[in-house]
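Student: I have a model open and I'd like to learn how to read it feature by feature. Can we go through it together?

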Amino acid sequence: MERLCFSRCSRFTRVLAFLQIILGGFVILISITTLHRFYSIGFIPHMGSDANDCSTFNTLTEGYADFDLKALSDRVEEVVTKLSDLQDKLEATVQKINKDKAKKNSNMTLTEFKRFLEEDVIPELYGAHIGLRLVRIPKLDNNYSTGSPKEDPLINFFTIEETRKYITAKDNREGKMSVYGTNKIYNTIGHACVVMRKELEEYMNYDVGSYCKDDWDLGQKLMLGGCDPLPRRRCLTRASKLYQRPLPINESLWSLPDDRNVRWSRYQCRDFKCLANRNLKRGFSKCTGCFEMEKEKLRWVRNSSSADFLISEVLAVKPGEIRIGLDVSVGTGSFAARMREWNVTIVSTAMNIGAPFSETIALRGLLPLYASLSQRLPFFDNTLDLIHTSVFLDGWVDLQLLDFILFDWDRVLRPGGLLWVDRFFCRRKDLDDYMYMFLQFRYKKHKWVVSFKSKDEVYLSALLEKPPRSL
């Protein structure tokens, strides 16, 4: 029995030692291969006959200035770390077996050894293998006279395969030109996705073709953090299990949707009744009362203060000219619903901050635009007749951010189009700064009202017309 145990321990020790030798050779091979690839593309000097002659050294400015060397280094470092950890684990196992052999107390069976390989060795080797396959070094693109590298942006930064597939450039089939006049298409992601890598890779970690996780709130968190636009996903979006057909448009416009048509799992409330203004635990603070349709019906048709403009008054400024527009507000689409009654089509921006604003707008038969402040408006220049904003860009917004937003609004607003600033509020001491932001465009003033909200805060309401600008 003792001889059998000794024989078995010796066999296991030899196998583990053999694995260590293979692992060490693997590390050396990775190092040599990586150095060779760096050498071949010019990251390492090519020395001529004269050791002091560095004329053949290819610098990073010659075709590889934009190559993300740090991301590549991180990928290689991850592989080496995994292999190093595996080597340490194997060495510790060999030492344990030798110690047990000296004590004549080894009881590792073939089944246990198989389990050890399957659970501790093979997954680590597989992870290192995948990590090594993820390393990409660009090839010179001969289509460019400068010899630019054919590297997909951020390809060595992300490790989730689905993310890498998404950001990889897609060459057109058979080298044909696309309808856009390009030979390849790049999918886009927001630059802040780099600093939210952990959250993005969790978002993109799914089985292709299966159901998506119920993680729309993670996607929204990424968007609000600047990872906007988000990557497309190849999974099936979930809907409410009890989804009902929406109401006809003549009924849905001023009715709350069916509770069963919303996924409530990520909200504090579980139905629309809970979102009423009197419920202090409804989960959001903006647009108080916007889920109470009877109160919403009175907005823009009755004046409650001098800062309130009526829709009839605004449309009378440009009779028959206001046909399409954008509402940048926090709400459930009531402005768009009211404008629909005047045969004006309004797109309403919406983010689901504490309540299902986007779903509510859509279920009312209106068009929501799920977009954050990070995003350039998806409209062409000089196309909209009207931009309306309310309860959104208030005194919290940074002046430079507001500047970029207003210039984008100016871009999409057509000459003669109207900018309706509806009850913008800020501190009195900040009013001059915000007034300048709106006045810098030299729009024609049709209405301009400043009124007190409180002792220290004021409302600003304005109706401004964009002037014509010839080339």
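Student: Let's start with Val330. Is Val330 buried, exposed or partly exposed, and why?

Tutor: Keep in mind that this is a predicted model. The way to read burial is by relative accessible area: under 20% is buried and over 50% is exposed, with partly exposed in between. Val330 has a relative accessible area of 22%, so Val330 lands in the partly exposed class.

Student: Where does Val330 sit, and what does Val330 touch beyond its sequence neighbours?

Tutor: Val330 is in the loop that runs between strand S3 (324-329) and H10. If you skip residues within four places in sequence, Val330 contacts Lys286, Cys287, Phe357, Ser390, Val391 and Phe392. For a distance along the fold, try Ser348: that residue is 18 places from Val330 along the chain, and their C-alpha atoms are 9.0 Å apart.

Student: Phe357 is in that list. Which residues touch the most other members of the largest nonpolar core?

Tutor: A core is read as a set of buried nonpolar residues linked through their side chains. Here the largest one has 38 residues, and Leu275, Phe291, Phe335, Met339, Phe357, Leu386 and Trp420 touch the most other members. Helix H9 (311-317), helix H10 (334-340), helix H11 (357-363) and strand S7 (413-427) each give two or more residues to this core. H10 provides the largest share, with 4 residues.

Student: What does Phe291 touch, leaving out residues up to four places away?

Tutor: Phe291 is in contact with Leu256, Phe272, Leu275, Phe284, Thr332, Ala355, Phe357 and Thr360. There's also a second, separate core of 31 residues, with Ile387, Leu406, Cys426 and Ala462 among its members.

Student: Next, empty space. How many cavities of 30 Å³ or more are there?

Tutor: A cavity is a place where a probe fits but cannot get out. The count is 2. The largest has a volume of about 50 Å³, and the second largest holds about 40 Å³.

Student: What lines the largest cavity?

Tutor: Its lining is Thr389, Ser390, Val391, Phe392, Leu393, Asp394, Val421, Asp422, Arg423 and Phe424. Strand S6 (384-390) and S7 each supply at least two of those residues, and S7 has the largest share, 4 residues. By class, you get 5 nonpolar, 2 polar and 3 charged residues. Ser390, Val391 and Phe392 also turned up in the contacts of Val330.

Student: And which residues line the second largest cavity?

Tutor: Those are Leu406, Trp409, Asp410, Leu413, Leu419, Phe441 and Tyr443. Helix H12 (399-412) and S7 are the elements giving two or more residues to that lining, with the largest share, 3 residues, from H12. The classes here are 6 nonpolar, no polar and 1 charged. Leu406 is also a member of the second core.

Student: Let's try a charged side chain. How is Arg263 placed, and what does Arg263 touch?

Tutor: For a charged residue, check exposure, then look for polar partners. Arg263 lies in the loop between helix H7 (249-252) and helix H8 (293-296), and is partly exposed because its relative accessibility is 23%. Setting aside residues up to four places away, the contacts of Arg263 are Asp214, Trp216, Arg238, Ala239 and Ser240. The side chains of Arg263 and Asp214 make a polar contact of 3.0 Å, although these two are 49 residues apart along the chain, with C-alpha atoms 9.0 Å from each other. A polar atom of the Arg263 side chain is also 3.5 Å from the backbone oxygen of Arg238.

Student: Trp216 is one of those contacts. Which residues of helix H6 are buried?

Tutor: An α-helix has 3.6 residues a turn, so residues three or four places apart point the same way. In H6 (residues 216-224), the buried ones are Trp216, Leu218, Gly219, Gln220, Leu222 and Met223. Helix H5 (197-203) is part of what covers them. Just after H6, Gly226 has a positive phi of about 100°.

Student: One more residue: why does Ser252 count as buried?

Tutor: Ser252 is buried because its relative accessibility is 1%. Ser252 lies in helix H7 and, outside its neighbours within four places, contacts Leu247, Leu363, Arg364 and Gly365.

Student: How does the whole protein look in numbers?

Tutor: There are 13 helices and 9 strands, and 43% of the 471 residues are buried. Among contacts between residues at least 6 apart in sequence, 67% join residues at least 24 apart.

Methods:
Residues numbered from 1 in each chain as written. Predicted model: local features only at pLDDT ≥ 70, side-chain atom pairs only at ≥ 80, totals over all residues. Heavy atoms only, no water. Buried < 20%, exposed > 50% of the residue type's maximum accessible area, 1.4 Å probe, protein only. Contact = heavy atoms within 4.5 Å. Polar contact = N/O pair within 3.5 Å; in protein donor to acceptor, adjacent residues only side chain to side chain. Core = buried A, V, L, I, M, F, W, Y, C linked by side-chain atoms within 4.5 Å. 1 Å grid on protein atoms, 1.4 Å probe; cavity = no way out; pocket = protein on both sides within 12 Å on 5 of 7 lines; lining within 4 Å. Points joined across faces, edges and corners; volume = space filled by probe spheres on them. Nonpolar A, V, L, I, M, F, W, Y, C, P; charged D, E, K, R; others polar.
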